[in-house]
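Reader: Hello! I am new to this structure and would love a close look at a single part of it. Could you take me through the disulfide and its surroundings?

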Amino acid sequence: MTLTQFKVNLPPSNGSCYSATKAGRALVDRFKIVCAGWTAIRLPLSYKIEILKKQSSNEKDDSAASQNSSKDAIDQKEDAIDQKEDASQYGNSRLLYYGSNDTVSLVLPVGDKASGYLLPLKVGIVDFYGSVTEVILNVTVSIVIGTKSLFGMVGGILLTSTIFVFFVKIKQI
């Protein structure tokens, strides 16, 4: 009889993540995402932040059979999610950040109008071996209201471009 021992790596634990900015304007305001207190058997930790997209009804129907067959795996994954929201209700995601900083400031796109401009973010805390703990954060990202804000943004971009071109021309002389 042969005895084989396995050591199992546990995902990062004992921490929390939150958005210091709960609401703001798309492409204008910065949203500060903070993760603190995370520990793991093997360091360093990395952090990834993704925008989650709600599944369409067709995607939900197609994936229902596969979700039923892996119910135990989903239950285990739900235990690892800090928030009460279930990540399995989402479809594709878009990566916004991956790196070693536990605090990140991001400019975000507009949230879903039908849900009051909520934008769900999935924050992954990843250890050296690739084990991940996921946290779902909801922020409210509304559209820029009024043309004054929009013209202010465009004007700032044009002014910056004009100053840059002016300095390049002076340097050429």
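Author: Happily; here is a walk from the whole chain to the disulfide, then on to the places around it.

A word on the ground rules first. This is a predicted model, in which local features need pLDDT of at least 70 and side-chain atom pairs count only at pLDDT 80 or more, while totals for chains, interfaces and linings use all residues. Residues are numbered from 1 along each chain as its sequence is written, and side-chain values use heavy atoms, with hydrogens and water left out.

Now the overall layout. The protein has 3 helices and 8 strands; helices are DSSP runs of H or I with at least four residues, strands are runs of E with at least two, and both are numbered from the N terminus. Read from the N terminus, the order is β-β-β-β-α-α-β-β-β-β-α. Of its 173 residues, 29% count as buried, where buried means under 20% relative accessible area, exposed over 50%, and partly exposed in between (1.4 Å probe, protein chains only). Among contacts (heavy atoms within 4.5 Å) between residues at least 6 apart in sequence, 71% join residues at least 24 apart.

The part you asked about comes next. A disulfide is a covalent bond between the sulfur atoms of two cysteines; here the test is a pair of cysteine sulfur atoms within 2.5 Å. Searching the whole structure turns up 1 disulfide. C17 and C35 are the partners, with an S to S distance of 2.1 Å. They tie together distant parts of the chain, as C17 sits in strand β1 and C35 in strand β3, 18 residues apart. The torsion about the S-S bond of C17 and C35 is about 110°, so this disulfide is right-handed. Both C17 and C35 are buried.

Strand β1 (residues 16–19) also holds S19. S19 counts as buried because its relative accessibility is 3%. Its side chain reaches the backbone oxygen of T21 at 2.4 Å, a polar contact (a pair of N or O atoms within 3.5 Å; within protein, one must be able to donate a hydrogen and the other to accept it, and residues adjacent in sequence count only if both atoms are side-chain atoms). Leaving aside neighbours within four places in sequence, S19 is in contact with F31, K32, I33, L137 and V139.

C35 brings us to another feature, since C35 is among the residues that line the largest cavity, together with I33, Y47, I49, N101, D102, V104 and V123. A cavity is a set of points, on a 1 Å grid over the protein atoms alone, where a 1.4 Å probe fits but cannot get out, and lining residues have an atom within 4 Å of a point. Grid points are joined across faces, edges and corners, and the volume is the space filled by probe spheres set on the points. The count is 1 cavity of 30 Å³ or more, and the largest has a volume of about 30 Å³. Strands β3 (30–36) and β4 (46–54) each supply at least two residues of this lining.

Between those two strands runs a loop that contains P44. A cis peptide bond joins L43 and P44, with omega about 10°. On the other side of β3, L27 lies in the loop between β2 (23–25) and β3. Phi of L27 is near 60°, a positive value in a residue other than glycine. L27 counts as exposed because its relative accessibility is 59%.

Conventions
1 Å grid on protein atoms, 1.4 Å probe; cavity = no way out; pocket = protein on both sides within 12 Å on 5 of 7 lines; lining within 4 Å.
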